[in-house]
Amino acid sequence: MKHATMYSRRTLLGQSIALGLSGLAGNAARAATAAWPSKPIQVIVPATTGSAPEIVARLIADALSARLSNPVYVEGMPGASGIIGTDKALKAPADGHTLLYAMNQVATMNPHLYPRLPYNPARDMAPISLVARGGYVLLAHSGLPASDLPSLIALAKREPGKLAYASTGNGSAFHLGMELIKAQCGIDLLHVPYRSGANANTELMAGRVQVRLEPQASALALVRGGRVKALAVTTPTRLPVLPQVPTVRETLPGFELSGWNALWAPAGTPAPVIVRLNAEVQEILKSDAFRSHLLQLGLAPEGSTPAELAALTAQETAQWKALIDKTGIKAD
């Protein structure tokens, strides 16, 4: 009985200490959240001024600033396929005062394209929320004797390697997207990389390349100009603005290709801060004004939990790894 009593006392003492430590940790987390934000919040965007990610980041920053009653500002850091800005954001103190608003490429494609990538998405990125998603339009020169994806496939199979597609560089999202379509269609197209989307579109309109993927917002203006035509859209359903254009999925069941933007923090950012930021973003996404701005950019507002963003990132990471390993694609 004596030993049992001593054991019980020790057990109770251990439980009390554990509860005490747990309580201290909980108090520290609550204190950190209560004190946050204690200074202006910086949102780093690894994209050029005036690009869709940069515009949406400013909308998010303005809305967060109002909701938190605290300054939130955006700093654009383009370059090196988003690596420069992403690395800067993830190496900032993990106190909730530096955030990353970026494209899916930095988390799902770059790790397989750059062997010396200075950050590890799985280790260094704390997901907050998905924010926006947009599809692509498969464009063709107006004189190409193909009116949809099946006729493009037939043409490419009659003349393997003779048709060319444009991208904005080796390892770009447009390059990988076209390689995914090629792989699933079983066709051979020549890749011609350009320095910018403007250069690629000029070459497409001139007929020096035959096809190209273009974000749906900018594709609409090109199609309406009459010098290119839309063969297919990569979204799961047809676009209301291009109802006559079939989806790739109508030819390749289950196919979907989208570009998405999300909000992350450096790993180690207090969980209560992540939870608060996620809740604020979900409320922002409900705003009619915010949703209208996104739709004007050709983007669909789409939120998520941190866990859902982590799962989406893992899923796409595996998809792009398989494609890059198979094709041997290397970044510029």
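Ala, Val, Leu, Ile, Met, Phe, Trp, Tyr, Cys and Pro count as nonpolar here, Asp, Glu, Lys and Arg as charged, and the others, Gly among them, as polar. Keep those classes at hand for the pockets. The model on screen is predicted.

**Stop 1: the second largest pocket**

Select Gln216, Thr235, Leu239, Gly298 and Ala300. These are the residues nearest the centre of the second largest pocket, out of 23 that line it. The space there comes to about 420 Å³. Now colour the lining by class: 11 residues are nonpolar, nine are polar and three are charged. Which elements each supply at least two residues of this lining? Show strand S4, helix H10 and helix H12 (288-296).

**Stop 2: the largest pocket**

Move to Met103, Gln105, Thr168, Ala173 and Phe174. They lie closest to the centre of the largest pocket, which has 45 lining residues. Its space is about 1100 Å³. By class, 23 lining residues are polar, 19 nonpolar and three charged.

Next, display the elements that each give at least two residues to this lining. Among the helices are H2 (52-68), H4 (104-108), H8, H9 (197-206) and H10 (216-225). The strands include S4 (125-141), S7 (211-215) and S9 (258-266). Keep S4 and H10 visible for a moment: both serve the largest pocket, and both also serve the second largest one.

**Stop 3: Ser129 in strand S4**

Stay on S4 and pick Ser129, which sits in that strand. Is Ser129 buried or exposed? Its relative accessibility is 0%, so it counts as buried. The cut-off for buried is under 20% relative accessible area.

Show what surrounds Ser129. Beyond its neighbours within four places in sequence, Ser129 contacts Ala262, Leu263, Asn278, Val281, Gln282, Gly303, Ser304 and Leu309. Then draw a distance from Ser129 to Trp264. Their C-alpha atoms are 7.2 Å apart, although 135 residues separate them along the chain.

**Stop 4: helices H8 and H13**

Select residues 173-185 for H8 and 306-327 for H13; their axes come within 11 Å. How are the two helices oriented to each other? The axes cross at roughly 75 degrees. Angles of 65 to 115 degrees count as roughly perpendicular, so that is the term for H8 and H13.

Now show side chains at the crossing. From H8, take Leu176, Gly177, Glu179, Leu180 and Ala183. From H13, take Gln319, Trp320, Leu323, Ile324 and Thr327. The residues of this contact comprise six nonpolar, three polar and one charged. H8 was also on show at the previous pocket, as a contributor to the lining of the largest one.

**Stop 5: backbone details in two loops**

Go to the loop between helix H1 (2-35) and strand S1 (41-45), and find Pro37. The peptide bond joining Trp36 to Pro37 is cis, with omega about -5 degrees.

Finish in the loop between strand S2 (72-76) and helix H3 (83-90), where Ala80 is found. Ser81 lies in the loop between S2 and H3 as well. Check the backbone angles. Ala80 has a positive phi of about 55 degrees, yet it is not a glycine. Ser81, also not a glycine, has a positive phi of about 55 degrees.

How accessible are they? Ala80 is partly exposed, with a relative accessible area of 46%. Ser81 is partly exposed too, at 32%.

Terms used: Residues numbered from 1 in each chain as written. Predicted model: local features only at pLDDT ≥ 70, side-chain atom pairs only at ≥ 80, totals over all residues. Heavy atoms only, no water. Axes fitted to C-alpha atoms, helices over the stretch in contact; angles between N-to-C directions. Helix = DSSP H or I, 4+ residues; strand = E, 2+ residues; numbered from the N terminus. Parallel < 35°, antiparallel > 145°, perpendicular 65-115°, else oblique. Contact = heavy atoms within 4.5 Å. Buried < 20%, exposed > 50% of the residue type's maximum accessible area, 1.4 Å probe, protein only. 1 Å grid on protein atoms, 1.4 Å probe; cavity = no way out; pocket = protein on both sides within 12 Å on 5 of 7 lines; lining within 4 Å. Points joined across faces, edges and corners; volume = space filled by probe spheres on them.
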